[in-house]
Amino acid sequence: MQACWELLIDTLFYNGKGRIHWLASSRGWIQDLGTGKPPKHLLAKKKINLEGHEIFPGWIDSHVHLYLLGSKKYELDVGFCSSQDELLEILKGEVTPKTSGLEVCGWKGSELSLFLLDQVSSCIPIIVRRVDEHAVWVNTCLLKKANILKKYPTGFLADKAMKHLEPFRPKVSPHEIEAALMEAEIQLLSDGITSVHDMATELLPLKTLITLMQQKKMNLRVSCALYGKEACNAFPKPQVNLFNHHLNIRAKKIFIDGALGSRGAWLSSPYEDSPGHCGTPLSTEKELVSTIRKALQNQFQLIFHVLGDQASIFVLEILNTYFSPKEVRDRRFRFEHLEVCHPKVLPLMKKFGIIASVQPWHIVSDRPWLEKRLGKKRMNTVGIFDKMKKKGIPLCGGSDTPIEPHDPRLVKKFVHFYTVGGAYAEFSEDTKGTLEIGKLADFSVRSKEKTEMTVVGGEVVYAR
Ligand SMILES: [Zn+2]
């Protein structure tokens, strides 16, 4: 019998391939979907031919640095330099009589020195940022300006120490922040990423993000992890599903340690290539207990940067001593990175419902020097994602872009982390992560090699 009723929808996407061939969206949500030809009773205001390409749920990148990603376009990235000599040549070439300061990013090479950067200039401040953004090298001129020459005589500053340099770095205007955020959005959407978790969102970028969303200039969905006193004071309570599910402010980022490259990651036994040095904890027990207590009171999710094995042990011991598993589980606390993780912590992670937020791409790019830092024996504690999964620990996946590339297809094995896992990690499993009736119409359409189209809330926001 023929259907005698019609259903008016906003957009019908048809002629797709894969597990779903067509999808109907209305007001940003999935109204219906299926395989084969779309049913005749769907009356669409707009029809979009997917030309036989495959439909995938929108990717959720659970660890990005939005502002940093966009601002890289306007910075000098020295990641391509293969030697210190090459770096020196480039820096010297940048200095003109008008230069008042020089800052470059992305350095991947060996350790630099004060002496080396002083060869570039003795009268203008110079900063070279390490690729992981957890350490910098500066010249004598800048150390003198900041009055910290005695404290950091090598010119190497990592993690908390970098705060000393803040007053001497060029101020970024709201307009530059806006341009950077828009640039980041373009890059991410063109890779089929429809949602991101922005790590360590400071007040100014967050305010700009809100303005862009108010003006409907931003299509990407963003869940922020607040960072810094100003941002945390401005948002004392979580705010979720703002701007039609485009912005969540419900998490805070806490750094427990630094990065392996700069030997700031906190290890349970010394670095193989730095005897007696285990890395640097960035928080004390007293501070952390108070931070966790406050977060639980105000219903914030806490996102801990824990890269070395001792960092996760430290947090879990505090949770186990002072807090009930139920109250922590409800807030879905997250451990970021877990690059070096002792399997003995997995039962406690499970007990407290900790989400493992991992960046598989880090392991690939750190591989060449990882063994030198950790020693052979410890290599079996690197990237134990399969063990976590087997233990029933929820996982989500991220790129840590711009430190690593953000194309999710590079980590094919981890599709689940980038969809269902990412949705759970931001409390959005009812609206994101899979393509189902009643969820947000966020998806990408892909041919073998390329993202052909990205759709957010039923609107095409990127087309190749
Ligand atoms: Zn990061």
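Where does A200 lie? Let's start there, everyone: A200 is part of strand β12, which covers residues 193-201. One thing to keep in mind as we go is that this is a predicted model.

What caught my eye about A200 is its backbone. Its phi is positive, at about 65 degrees, even though the residue is not a glycine. N244 is another such case, with a positive phi near 55 degrees in a residue other than glycine. You will find N244 in helix α8. For context, most residues other than glycine have a negative phi, and most peptide bonds are trans. That brings me to a peptide bond: the one from T401 to P402 is cis, with omega near 10 degrees. P402 has its place in the loop between β19 and α15.

Let's move to the metal. Which protein residues are the donors of the zinc ion? They are H63 and H65, each through NE2, and D400 through OD, at 2.1 to 2.2 Å from the zinc. Written as a sequence pattern, the spacing is H-x1-H-x334-D. Take H63 and D400 as a pair: H63 sits in strand β6 (residues 59-64), while D400 is in the loop between β19 (395-397) and α15 (415-425), so this pair links distant parts of the chain, 337 residues apart. H63 and D400 are both buried.

Now for the aromatics, my favourite part. How many aromatic pairs are there? The count comes to 10. In one of them, W137 and F156 have ring centres 5.2 Å apart and planes at 45 degrees, so the pair is tilted. This pair also links distant parts of the chain: W137 is in strand β10 (residues 135-138) and F156 in strand β11 (residues 156-158), with their positions 19 residues apart in sequence. Is W137 buried or exposed? W137 has 3% relative accessibility, so W137 counts as buried. F156, at 25%, counts as partly exposed, because the limit for buried is under 20%.

Another pair, F385 with F414, is edge-to-face, with 6.2 Å from centre to centre and 80 degrees between the planes. F385 belongs to helix α14 (residues 385-390) and F414 to the loop between β19 and α15, so the pair ties together parts that are 29 residues apart in sequence. Both F385 and F414 are buried. There is also an aromatic cluster, formed by F304, F333 and F335.

Rings meet charges here too. K252 lies over the face of F300, 4.4 Å from the ring centre. Likewise, R446 has its charged end over the ring of F56, at 3.9 Å from the centre of that ring.

Last stop, the second largest pocket. It holds about 370 Å³ of space. Which residues of its lining are closest to the centre? Of the 17 lining residues, those are K216, N219, F243, N244 and H246. So we meet N244 again, the residue with the positive phi. Three elements, α6 (203-214), α8 (242-245) and β22 (459-463), each supply at least two residues of the lining. By class, the lining has 7 nonpolar, 6 polar and 4 charged residues.

That's my tour; thanks for listening!

How values were computed: Residues are numbered from 1 along each chain as its sequence is written. This is a predicted model: local features need pLDDT of at least 70, side-chain atom pairs count only at pLDDT 80 or more; totals for chains, interfaces and linings use all residues. Side-chain values use heavy atoms; hydrogens and water are left out. Donors are N, O and S atoms within 2.8 Å of the metal (3.2 Å for Na, K and Ca); water is not among the atoms, so sites may look incomplete. Helices (H or I, at least four residues) and strands (E, at least two) are DSSP runs, numbered from the N terminus. Buried means under 20% relative accessible area, exposed over 50%, partly exposed in between (1.4 Å probe, protein chains only). Rings of Phe, Tyr and Trp (its six-membered ring) pair if their centres lie within 6.5 Å; planes under 30 degrees apart count as stacked, over 60 as edge-to-face and the rest as tilted. A charge sits over a ring if NZ of Lys or CZ of Arg is within 6 Å of the ring centre and within 35 degrees of the ring normal. On a 1 Å grid over the protein atoms alone, a cavity is a set of points where a 1.4 Å probe fits but cannot get out, and a pocket is an open set with protein on both sides within 12 Å along at least five of seven lines; lining residues have an atom within 4 Å of a point. Grid points are joined across faces, edges and corners, and a volume is the space filled by probe spheres set on the points. Ala, Val, Leu, Ile, Met, Phe, Trp, Tyr, Cys and Pro count as nonpolar, Asp, Glu, Lys and Arg as charged, and the others, Gly among them, as polar.
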